[in-house]
Amino acid sequence: MNWNGAPHFFVDDKGIIVFQALNKPGVHAKSYNSNSWGIEMLGDYDTLVDFNSPRAKEIFENTHELVGFLCHFLKVEPSTLKFHRDDPLTNKTCPGKLVEKSSFVKEVNKFYQTYNGDGIDSWTNPVFEITFESNVFIWSQTRVENSRTIVPARAFINKLMPKNYALAK
(Lines give C-alpha, C1' and ligand atoms only; values in the text may rest on other atoms or scores of the structure.)
Protein backbone atom coordinates (compact mmCIF):
# COMPACT_ATOMS: atom_id res chain seq x y z
CA MET A 1 0.00 0.00 0.00
CA ASN A 2 3.03 2.29 0.30
CA TRP A 3 1.72 3.99 3.44
CA ASN A 4 4.07 6.38 5.18
CA GLY A 5 1.97 6.53 8.33
CA ALA A 6 -1.26 5.34 9.86
CA PRO A 7 -4.61 6.64 11.04
CA HIS A 8 -4.14 8.68 14.20
CA PHE A 9 -6.45 6.62 16.42
CA PHE A 10 -7.86 3.11 16.60
CA VAL A 11 -10.92 2.60 18.80
CA ASP A 12 -12.29 -0.66 20.18
CA ASP A 13 -14.48 -1.59 23.12
CA LYS A 14 -11.53 -1.50 25.53
CA GLY A 15 -10.30 1.98 24.70
CA ILE A 16 -8.37 4.15 22.29
CA ILE A 17 -4.95 3.51 20.79
CA VAL A 18 -2.90 6.34 19.31
CA PHE A 19 -1.22 5.06 16.13
CA GLN A 20 0.22 8.27 14.70
CA ALA A 21 1.65 11.42 16.29
CA LEU A 22 -1.01 14.12 16.22
CA ASN A 23 1.38 16.66 14.71
CA LYS A 24 1.96 14.43 11.65
CA PRO A 25 -0.38 13.76 8.74
CA GLY A 26 -2.16 10.44 8.96
CA VAL A 27 -3.08 7.90 6.35
CA HIS A 28 -6.83 7.40 6.40
CA ALA A 29 -8.76 9.23 3.65
CA LYS A 30 -7.07 10.62 0.55
CA SER A 31 -8.81 13.99 0.58
CA TYR A 32 -8.38 14.53 4.32
CA ASN A 33 -4.94 13.11 5.19
CA SER A 34 -3.23 16.51 5.31
CA ASN A 35 -5.86 18.43 7.26
CA SER A 36 -7.58 16.08 9.67
CA TRP A 37 -7.06 13.33 12.21
CA GLY A 38 -8.11 9.84 11.16
CA ILE A 39 -10.00 7.49 13.47
CA GLU A 40 -10.51 3.79 12.76
CA MET A 41 -13.14 1.76 14.62
CA LEU A 42 -13.16 -1.99 15.19
CA GLY A 43 -15.99 -3.62 13.24
CA ASP A 44 -17.75 -3.80 9.91
CA TYR A 45 -20.72 -1.48 10.26
CA ASP A 46 -22.03 -2.33 6.83
CA THR A 47 -23.39 -5.52 8.44
CA LEU A 48 -25.98 -6.02 11.16
CA VAL A 49 -23.82 -8.68 12.80
CA ASP A 50 -21.17 -6.17 13.92
CA PHE A 51 -23.51 -3.16 14.19
CA ASN A 52 -25.76 -4.98 16.67
CA SER A 53 -22.96 -6.72 18.56
CA PRO A 54 -22.48 -6.15 22.30
CA ARG A 55 -19.02 -4.70 21.61
CA ALA A 56 -20.36 -2.12 19.16
CA LYS A 57 -22.08 -0.10 21.90
CA GLU A 58 -18.78 0.35 23.75
CA ILE A 59 -16.86 1.02 20.54
CA PHE A 60 -19.29 3.75 19.54
CA GLU A 61 -19.30 5.29 23.01
CA ASN A 62 -15.48 5.39 23.05
CA THR A 63 -15.47 6.91 19.57
CA HIS A 64 -18.13 9.50 20.42
CA GLU A 65 -16.14 10.54 23.47
CA LEU A 66 -12.87 10.76 21.54
CA VAL A 67 -14.41 12.81 18.73
CA GLY A 68 -16.19 15.07 21.22
CA PHE A 69 -12.87 15.69 22.94
CA LEU A 70 -11.07 16.36 19.64
CA CYS A 71 -13.79 18.79 18.54
CA HIS A 72 -13.40 20.62 21.85
CA PHE A 73 -9.61 20.67 21.50
CA LEU A 74 -9.72 21.93 17.90
CA LYS A 75 -12.58 24.36 18.67
CA VAL A 76 -14.74 22.97 15.86
CA GLU A 77 -18.40 22.03 15.94
CA PRO A 78 -19.22 18.31 15.72
CA SER A 79 -21.46 19.12 12.74
CA THR A 80 -18.28 19.67 10.66
CA LEU A 81 -17.21 16.00 10.96
CA LYS A 82 -16.22 14.17 7.80
CA PHE A 83 -16.60 10.43 7.43
CA HIS A 84 -14.33 8.40 5.15
CA ARG A 85 -17.33 7.90 2.91
CA ASP A 86 -17.54 11.70 2.47
CA ASP A 87 -14.18 11.64 0.66
CA PRO A 88 -14.86 12.18 -3.04
CA LEU A 89 -11.64 10.35 -3.97
CA THR A 90 -12.71 6.99 -2.50
CA ASN A 91 -15.64 4.61 -2.65
CA LYS A 92 -15.40 3.58 1.01
CA THR A 93 -18.47 3.33 3.24
CA CYS A 94 -16.65 3.96 6.54
CA PRO A 95 -17.61 4.03 9.27
CA GLY A 96 -20.32 1.85 7.73
CA LYS A 97 -23.57 2.06 5.80
CA LEU A 98 -25.54 1.47 8.99
CA VAL A 99 -23.99 4.45 10.78
CA GLU A 100 -26.26 7.46 10.37
CA LYS A 101 -24.15 10.58 10.39
CA SER A 102 -26.79 12.74 12.09
CA SER A 103 -27.13 10.23 14.96
CA PHE A 104 -23.35 9.94 15.26
CA VAL A 105 -22.95 13.73 15.42
CA LYS A 106 -25.73 13.97 18.01
CA GLU A 107 -23.89 11.52 20.30
CA VAL A 108 -20.55 13.28 19.74
CA ASN A 109 -22.21 16.58 20.60
CA LYS A 110 -23.15 15.25 24.06
CA PHE A 111 -19.48 14.71 24.90
CA TYR A 112 -18.49 17.95 23.19
CA GLN A 113 -20.89 19.88 25.42
CA THR A 114 -19.53 18.10 28.49
CA TYR A 115 -15.95 19.03 27.61
CA ASN A 116 -17.05 22.60 27.01
CA GLY A 117 -18.56 22.61 30.50
CA ASP A 118 -22.21 22.87 29.47
CA GLY A 119 -24.37 21.70 32.34
CA ILE A 120 -21.41 20.51 34.41
CA ASP A 121 -20.78 21.52 37.99
CA SER A 122 -17.48 23.16 38.75
CA TRP A 123 -14.28 21.16 38.81
CA THR A 124 -14.20 20.25 42.49
CA ASN A 125 -12.90 16.73 43.05
CA PRO A 126 -9.56 15.79 44.61
CA VAL A 127 -6.14 16.10 43.00
CA PHE A 128 -5.40 13.76 40.08
CA GLU A 129 -1.88 12.74 39.04
CA ILE A 130 -0.77 11.02 35.84
CA THR A 131 2.66 9.95 34.60
CA PHE A 132 3.22 10.24 30.86
CA GLU A 133 6.61 9.11 29.60
CA SER A 134 9.00 10.70 32.13
CA ASN A 135 6.70 13.58 33.10
CA VAL A 136 4.29 13.78 36.03
CA PHE A 137 1.23 15.99 35.60
CA ILE A 138 -0.98 17.04 38.50
CA TRP A 139 -4.42 18.61 38.27
CA SER A 140 -6.11 20.21 41.25
CA GLN A 141 -9.45 20.49 39.46
CA THR A 142 -11.11 17.25 38.36
CA ARG A 143 -14.45 15.52 38.45
CA VAL A 144 -15.52 11.88 38.41
CA GLU A 145 -18.16 10.63 35.97
CA ASN A 146 -19.08 6.98 35.49
CA SER A 147 -16.00 5.88 37.47
CA ARG A 148 -13.69 7.92 35.19
CA THR A 149 -11.60 10.81 36.45
CA ILE A 150 -12.09 13.76 34.11
CA VAL A 151 -9.56 16.58 33.89
CA PRO A 152 -10.10 19.84 32.01
CA ALA A 153 -9.47 18.84 28.38
CA ARG A 154 -7.58 21.95 27.30
CA ALA A 155 -5.20 21.71 30.27
CA PHE A 156 -4.62 18.00 29.61
CA ILE A 157 -3.73 18.48 25.94
CA ASN A 158 -1.60 21.55 26.61
CA LYS A 159 0.47 19.54 29.07
CA LEU A 160 0.86 16.51 26.80
CA MET A 161 1.53 18.24 23.48
CA PRO A 162 4.87 19.87 22.69
CA LYS A 163 4.85 23.68 22.78
CA ASN A 164 5.68 23.90 19.08
CA TYR A 165 2.70 21.74 18.12
CA ALA A 166 0.84 22.90 15.04
CA LEU A 167 -1.86 21.03 13.17
CA ALA A 168 -1.01 20.74 9.49
CA LYS A 169 -3.38 22.88 7.45
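**Exercise 1.** K101 is partly exposed, with a relative accessible area of 27%; find the residue with which K101 forms a salt bridge, and say where the two partners lie.

*Solution.* Before starting, note that this is a predicted model, in which local features need pLDDT of at least 70 and side-chain atom pairs count only at pLDDT 80 or more, while totals for chains, interfaces and linings use all residues. Residues are numbered from 1 along each chain as its sequence is written, and side-chain values use heavy atoms, with hydrogens and water left out.

Step 1: recall the terms. Buried means under 20% relative accessible area, exposed means over 50%, and partly exposed lies in between (1.4 Å probe, protein chains only). A salt bridge is a side-chain nitrogen of Lys or Arg within 4 Å of a carboxyl oxygen of Asp or Glu.

Step 2: look for the partner. K101 forms a salt bridge with D86, and their closest N and O atoms are 2.6 Å apart. This pair links distant parts of the chain, since K101 is in helix 3 (residues 101-115) and D86 is in the loop between helix 2 (54-74) and helix 3, 15 residues apart. Helices here are DSSP runs of H or I with at least four residues, strands are runs of E with at least two, and both are numbered from the N terminus.

Step 3: check the partner's surroundings. D86 counts as partly exposed, at 30% relative accessibility.

**Exercise 2.** Which residue pairs with E107 in a salt bridge, and how far apart do the two lie in helix 3?

*Solution.* Step 1: the partner of E107 is K110, with the closest N and O atoms 3.1 Å apart. Step 2: both residues lie in helix 3, three residues apart, which is about one turn of the helix. Step 3: an α-helix has 3.6 residues a turn, so residues three or four places apart point the same way. Step 4: E107 is partly exposed at 28%, and K110 is partly exposed at 45%.

**Exercise 3.** Are D13 and K14 buried or exposed, and which network includes them?

*Solution.* Step 1: D13 counts as buried, at 15% relative accessibility, whereas K14 is exposed, with a relative accessible area of 72%. Step 2: the two form a salt bridge in which the closest N and O atoms are 3.7 Å apart. Step 3: D13, K14 and R55 are linked in a network of salt bridges. Step 4: a search of the whole structure finds four salt bridges.

**Exercise 4.** Compare the expected span of helix 2 with the distance between its end C-alpha atoms, and say how many of its residues are buried.

*Solution.* Step 1: the expected span of a helix is 1.5 Å times one less than its number of residues. Step 2: helix 2 has 21 residues and should therefore span 30 Å, and its end C-alpha atoms are 31 Å apart, which agrees. Step 3: helix 2 is mostly covered, with 15 of its 21 residues buried. Step 4: F73 is in helix 2 and is buried, with a relative accessible area of 11%. The C-alpha atoms of F73 and Y115 are separated by 9.0 Å, although the two residues are 42 residues apart along the chain. Step 5: helix 2 is followed by K75, whose phi is positive, near 60 degrees.
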